[in-house]
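Me: I've got a model open and I'd like a close look at one part of it. Could you walk me through how the pieces there sit against each other, and then work outwards?

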Amino acid sequence: MDRCDRIQHRLRSGGWDCNNRQVSAVLLALGIDARFSEGCSRLFEWLCGGNPLSSRPESENIEEVEDMEDVIILITSDSVHLYCNPINSNALLQVLGKINNLQLHCLNTELYKDSDFAQEFKVKTFIQMTAPHAVVGVPYFAVHDPSQSFDPMKLESEWPIVMSYAAEELGGHGFFTLGHEVVELSPYLEEVYAELDPSSLRDMVDKSLTGFQKQFQAMFTLLDSSRPDGIAALNEKQLAEAFILYARHRESLGPSHVESLPSGVWLGCGSAAMAEGRWEGTGVVGSSGPQHSSAIHMVCNLAGDPLSAKRSYFLCHPHSQQSDPALTAELPSEKDIRLLQDLYSCLVAAVNVGISTFQKTQRPSEALRAVRECLKEQSTSRGLPLPIGFWDSRENLLIHLRELDICGRPMPTKEAVW
């Protein structure tokens, strides 16, 4: 199912309605016709998997730019109307030409040279394509924000193509908003944009994942560039600085769908606060371990949209601010740190098995049983020196199973705990 099919599926299924009246068409226009609407631009780029019109070299000629942005698209449940011109048609058809039941409205080069005739053709096309639809959806806002209010009359005063609908000599029928109910689609489209498909997966790998890697690398660079005695003085806020700046940048682009746990780094014993969703950033490497000893591990959370990442790192060479020999003698050995790493690997494998089992069975009890069995198999295969029944005790292991939707938001189902 391509991206246009996904919107058509929603139009057919009755998921988008206004006062119990189903939206039957989605309208978007580019350039001056929609007053350079950011919402229309976002939907257009999403449909095309990028903007095919932006690959042409920039021109200082305003008419050439307007010709490239001379695009109107109307998506209905069973067809797609595309108005364009002979200048931008080739670029558009390369990405939209395979859409089922695509109806193209485009003048030839000679007729398009007559600007008055071309404008009249565009207005008539717009009137004809929208006339059968009583409820029309428009992507007015680029990002859904509950604090924003939408007044359909804004289209009458802001979008020239909508103003032209009233031209009776061209077949118009008065104000567009009198003949059609207009629905702002940003809250519905956010769900569509969040779905994963080959194109969005490519964008995620090329853009979001690369951004994640840069933030973790910034943290490693800080550790690598610090003197051995300076590492002990590093605090959580310093280590998480790149994460925090990245999260703020993502927030500035619009509301995020990721979980509420903030971006940050939790050192040693301070990682207990992570389960409560708290981050203060005050822990120090040299004193965040047991009894104010050096931290031997840290947990990192980088929240983004649509990706988020949690990673645990073990500090193989503890850095202490204390000079007390008694404390130094109590620092963990290499053997103990290796055991921690193996236990962590067992837990990661078990979590993956639990997710896979729940997806197949939709039964929490089966998922929890699979987690326990995987932990036992992993610890046996790794030869971990654990007592018999270690994984069966609640004192050693507590499992939570929480169902999330595709955007990472908790589902309204009872959380399974073992």
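At what angle do helix 1 and helix 2 pack, and how far apart are their axes?

Reply: Bear in mind that this is a predicted model. Two packed helices are described by the angle between their axes and the distance between the axes. For helix 1 (residues 3-13) and helix 2, the angle is about 120° and the axes are 8 Å apart. Since angles of 65 to 115 degrees count as roughly perpendicular and only those over 145 as roughly antiparallel, helix 1 comes out as oblique to helix 2. Helix 1 brings Arg-3, Cys-4, Arg-6 and Ile-7 to the contact, and helix 2 answers with Leu-43, Trp-46 and Leu-47. By type, the residues of this contact split into five nonpolar, two charged and no polar.

Helix 2 (residues 38-48) has another partner, helix 10 (residues 186-194). Here the packing angle is about 25°, and the axes are 12 Å apart. Angles under 35 degrees count as roughly parallel, so that is the label helix 2 and helix 10 get. Their crossing is left-handed. On the helix 2 side the contact is made by Arg-42, Leu-43 and Trp-46, and on the helix 10 side by Leu-189, Glu-190, Val-192 and Tyr-193. The residues of the contact between helix 2 and helix 10 divide into five nonpolar, two charged and no polar. If you're picking side chains to display, Leu-43 and Trp-46 of helix 2 are listed in the contact with helix 1 and also in the contact with helix 10.

Staying with helix 10 for a moment, Ser-186 lies in that helix. Ser-186 is buried, at a relative accessible area of 2%. Leaving aside residues up to four places away in sequence, Ser-186 touches Phe-141, Val-143 and His-144.

Now the backbone leading up to helix 2. Phe-36 sits in the loop between strand 3 (25-29) and helix 2. Most residues other than glycine have a negative phi. Phe-36 isn't a glycine, yet its phi is positive, about 55°. His-292 is another non-glycine residue with a positive phi, in this case near 60°.

His-292 takes us to the loop between strand 9 (264-267) and strand 10 (297-303). His-292 is exposed, with a relative accessible area of 58%. Glu-280 is in the loop between strand 9 and strand 10 too, and Glu-280 also counts as exposed, at 58% relative accessibility. Its C-alpha is 8.8 Å from that of Gly-264, 16 residues away along the chain. Gly-286 has its place in the loop between strand 9 and strand 10 as well, but Gly-286 counts as buried, at 0% relative accessibility. From Gly-286 to Leu-267 you have 19 residues in sequence and 9.6 Å in space, C-alpha to C-alpha.

Past strand 10 comes strand 11 (residues 308-314), where you'll find Arg-311. Arg-311 counts as partly exposed, at 35% relative accessibility. Arg-311 and Val-299 are twelve residues apart in sequence, with 5.8 Å between their C-alpha atoms. If you skip residues up to four places away in sequence, Arg-311 touches Phe-216, Met-298, Val-299, Cys-300 and Tyr-344. Of these neighbours, Cys-300 counts as buried, at 0% relative accessibility.

That brings up the cysteines. A disulfide is a covalent bond between the sulfur atoms of two cysteines. The structure holds zero disulfides. Take Cys-84: the closest cysteine sulfur belongs to Cys-106, and at 4.1 Å that is too far for a bond, because a disulfide needs the two sulfur atoms within 2.5 Å. Cys-84 counts as buried, at 1% relative accessibility.

Zooming out to the whole chain, there are 17 helices and 13 strands. Of its 418 residues, 43% count as buried. Among contacts with a separation of 6 or more, residues 24 or more positions apart account for 63%. To come back to where you started, helix 2 packs at about 120° with helix 1 and at about 25° with helix 10.

Terms used:
Residues numbered from 1 in each chain as written. Predicted model: local features only at pLDDT ≥ 70, side-chain atom pairs only at ≥ 80, totals over all residues. Heavy atoms only, no water. Axes fitted to C-alpha atoms, helices over the stretch in contact; angles between N-to-C directions. Helix = DSSP H or I, 4+ residues; strand = E, 2+ residues; numbered from the N terminus. Left-handed = near helix turned anticlockwise from the far one by under 90°. Contact = heavy atoms within 4.5 Å. Nonpolar A, V, L, I, M, F, W, Y, C, P; charged D, E, K, R; others polar. Buried < 20%, exposed > 50% of the residue type's maximum accessible area, 1.4 Å probe, protein only.
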